[in-house]
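Here are a few short exercises to work through with the model open beside you. Try each task before reading its solution.

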Amino acid sequence: THPINLVTIVTEPALEQRLAAELRELGATGFTVVEARGEGTRHGSRGLDVPGTNVRIETLVPDEVARRI
């Protein structure tokens, strides 16, 4: 087995393509993108009634790549 890191980025959909390209450049060999919504005490809620839900980008990478990201 090898140690691995889960890196999660939550952002606006407009940044998805740019971040995907940067992840590849930094050494990620794959990633998953899903729509995301939620609620927090600092930023309030962003639910289905708000247009343009966020996206969550997740990648599994070794330590060196995680540090670069």
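**Exercise 1: Around V61**

Leaving out residues within four places in sequence, V61 makes contact with I4, N5, V7, A28, A66 and I69. Keep in mind that this is a predicted model.

*Task.* Find which residues make up the largest nonpolar core, and which element gives the most to this core.

*Solution.* Start from V61, which is one of the nine residues of the largest nonpolar core. The other members are V7, I9, L19, L23, A28, V55, I57 and V65. Next, sort by element: strand 1, helix 1 and strand 5 each give two or more residues to this core. Strand 5 gives the most, with three residues. As background, nonpolar side chains tend to be buried together in soluble globular proteins.

**Exercise 2: The sheet and its helix**

*Task.* Work out the strand order of the open sheet, and say which strands are at its edges.

*Solution.* Begin with the order, which is 1-5-2 for the three strands, with antiparallel pairing. Strand 1 (5-11) and strand 2 (32-36) are the edge strands, as each pairs on one side only. On average, neighbouring strands of this sheet are turned by 25 degrees against each other, direction ignored.

Now look at one pairing in detail. Strand 2 is joined to strand 5 (residues 54-61) in the antiparallel sense over five bridges. To find your place there, use A36, which stands opposite N54 in strand 5.

Finally, add the helix. Helix 1 (residues 16-25) lies across strand 1, strand 2 and strand 5, and runs at about 10 degrees to strand 5.

**Exercise 3: A threonine in strand 1**

*Task.* Decide whether T11 is buried or exposed, and list what T11 is in contact with.

*Solution.* First, locate T11 in strand 1. Its relative accessibility is 11%, and the cut-off for buried is under 20%. T11 therefore counts as buried. Then check the contacts: beyond its neighbours within four places in sequence, T11 is in contact with L19, N54, V55 and I57.

**Exercise 4: Salt bridges**

*Task.* How many salt bridges does a search of the whole structure find? For the pairs below, note the N to O distance and how exposed each partner is.

*Solution.* The search finds three salt bridges. Take them pair by pair.

1. In helix 1, E22 and R18 lie four residues apart, about one turn of the helix. Their side chains meet in a salt bridge of 3.2 Å, N to O. R18 is exposed at 54% relative accessibility, while E22 is partly exposed at 31%.
2. R56 forms a salt bridge with E58, with the closest N and O atoms 3.2 Å apart. R56 counts as partly exposed at 32%, and E58 is partly exposed at 24%.
3. In helix 2, E64 and R68 are also four residues apart, about one turn of the helix. Their salt bridge has an N to O distance of 2.7 Å. E64 is exposed at 51%, whereas R68 is partly exposed at 40%.

**Exercise 5: Following R68**

*Task.* Which residues does R68 touch, not counting those up to four places away in sequence?

*Solution.* Start in helix 2 (residues 63-68), where R68 is found. With those sequence neighbours set aside, R68 touches L26 and G27. Then look at A28: the C-alpha atoms of R68 and A28 are separated by 10.0 Å, although these residues are 40 apart along the chain. A28 also brings you back to the beginning, as one of the contacts of V61.

Technical notes:
Residues numbered from 1 in each chain as written. Predicted model: local features only at pLDDT ≥ 70, side-chain atom pairs only at ≥ 80, totals over all residues. Heavy atoms only, no water. Pairing = 2+ DSSP bridges. Axes fitted to C-alpha atoms, helices over the stretch in contact; angles between N-to-C directions. Contact = heavy atoms within 4.5 Å. Buried < 20%, exposed > 50% of the residue type's maximum accessible area, 1.4 Å probe, protein only. Core = buried A, V, L, I, M, F, W, Y, C linked by side-chain atoms within 4.5 Å. Salt bridge = Lys/Arg side-chain N within 4 Å of Asp/Glu carboxyl O.
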